[in-house]
Amino acid sequence: MDTISKMQEEVTQNTELHHYILETFGLQSKKKRVRKKLFKQVISQEKVLKKVVKEFKQTDQEQTIPTKQQAESTFSFDKLPITTLLKIGKEFFKEEESVRFYYNKNKEPFYKNKEMLIACISTNYAGAPADIQKKS
């Protein structure tokens, strides 16, 4: 019983665990009321709470132990949202066509082409000087 109350307390205080729970259950709503309702349901169900906390701790441990491939690879832009990619692109690579024409319907090959935008930013980031890489 004591461990369950500790888990409940951990869920209420740990923001990373909050994000993990939202991601696990596929909740995309930004409404505070809906999020609180989901957390309340997770906390009230012992089996689900134990499972979620256990999975979170396992994934957290896997992420903290870097492999050789992760240590050698550069930053991955694949998982970033479009708005963030465009902000990075407009800040550092504003002359690139895939950044300039992302929302331009008249420029068909660039219009909402996320793969091209990611490829453009990745290649320019890899070739950028170290000071620009640190800023982004």
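Where is Lys112 found?

## Lys112 and its loop

Lys112 sits in the loop between α7 and α8, the latter spanning 114-127. Keep in mind throughout that this is a predicted model. The backbone does something worth a look here: Lys112 has a positive phi of about 50°, even though it isn't a glycine. Lys112 comes out as partly exposed, because its relative accessibility is 49% and that class covers the range between under 20% and over 50%.

As for its partners, Lys112 touches Tyr102 and Tyr103, leaving aside residues up to four places away in sequence. Lys112 and Ser98 are 14 residues apart along the sequence, and their C-alpha atoms are 9.0 Å apart in space.

## Helix α7: Ser98 and Arg100

Ser98 belongs to helix α7, which runs over residues 97-100. Is Ser98 buried or exposed? With a relative accessible area of 6%, Ser98 is buried, since the cut-off for that is under 20%. Once residues up to four places away in sequence are set aside, Ser98 touches Phe110, Met116, Leu117 and Cys120.

Arg100 is in helix α7 too. Setting aside residues up to four places away in sequence, Arg100 touches Lys94 and Glu95. Looking back along the chain, Arg100 and Gly89 are 11 residues apart, with 8.6 Å between their C-alpha atoms.

## The aromatic pairs

How many aromatic pairs does a search of the whole structure find? The search turns up 2. In one of them, the ring centres of Phe101 and Phe110 are 6.1 Å apart and the planes meet at 40°, so the pair is tilted. That label follows because 40° is neither under 30 degrees, which would be stacked, nor over 60, which would be edge-to-face. Phe101 is buried at 14% relative accessibility, and Phe110 is buried with a relative accessible area of 15%.

Tyr102 and Tyr103 also form an aromatic pair, and this one is edge-to-face, with 4.9 Å centre to centre and 85° between the planes. Tyr102 is buried, its relative accessible area being 6%. These two tyrosines are the residues that Lys112 touches, not counting residues up to four places away in sequence.

Phe101 has a lysine of its own to deal with: Lys107 lies over the face of the Phe101 ring, at 4.9 Å from the ring centre.

## Helices α2 and α3

Which residues of helix α2 are buried? In this helix, covering residues 15-25, they are Leu17, Tyr20, Ile21 and Leu22. As a rule, an α-helix has 3.6 residues a turn, so residues three or four places apart point the same way. Just after α2 comes Gly26, which takes a positive phi of about 70°.

Now for the packing. Helix α3 covers residues 32-44, and α2 packs against it at an angle of about 90°, with the axes 11 Å apart. That angle makes α2 roughly perpendicular to α3. On the α2 side, the contact is made by His18, Ile21, Leu22 and Phe25, which meet Arg35, Leu38, Phe39 and Val42 of α3. By residue type, the contact divides into 6 nonpolar, 1 polar and 1 charged. Ile21 and Leu22 turn up both among the buried residues of α2 and in the contact with α3.

## The whole chain

What is the protein built from, counting helices and strands? It has 9 helices and 0 strands, so the pattern read along the sequence is α-α-α-α-α-α-α-α-α, with helices taken as DSSP runs.

The protein has 136 residues, and 26% of them count as buried. Among contacts between residues at least 6 apart in sequence, 46% join residues at least 24 apart.

Definitions and conventions:
Residues are numbered from 1 along each chain as its sequence is written. This is a predicted model: local features need pLDDT of at least 70, side-chain atom pairs count only at pLDDT 80 or more; totals for chains, interfaces and linings use all residues. Side-chain values use heavy atoms; hydrogens and water are left out. Rings of Phe, Tyr and Trp (its six-membered ring) pair if their centres lie within 6.5 Å; planes under 30 degrees apart count as stacked, over 60 as edge-to-face and the rest as tilted. Buried means under 20% relative accessible area, exposed over 50%, partly exposed in between (1.4 Å probe, protein chains only). A charge sits over a ring if NZ of Lys or CZ of Arg is within 6 Å of the ring centre and within 35 degrees of the ring normal. Helices (H or I, at least four residues) and strands (E, at least two) are DSSP runs, numbered from the N terminus. Contact means heavy atoms within 4.5 Å. Axes are lines fitted to C-alpha atoms, for helices over the stretch in contact, and angles run from 0 to 180 degrees between N-to-C directions. Angles under 35 degrees count as roughly parallel, over 145 as roughly antiparallel, 65 to 115 as roughly perpendicular and the rest as oblique. Ala, Val, Leu, Ile, Met, Phe, Trp, Tyr, Cys and Pro count as nonpolar, Asp, Glu, Lys and Arg as charged, and the others, Gly among them, as polar.
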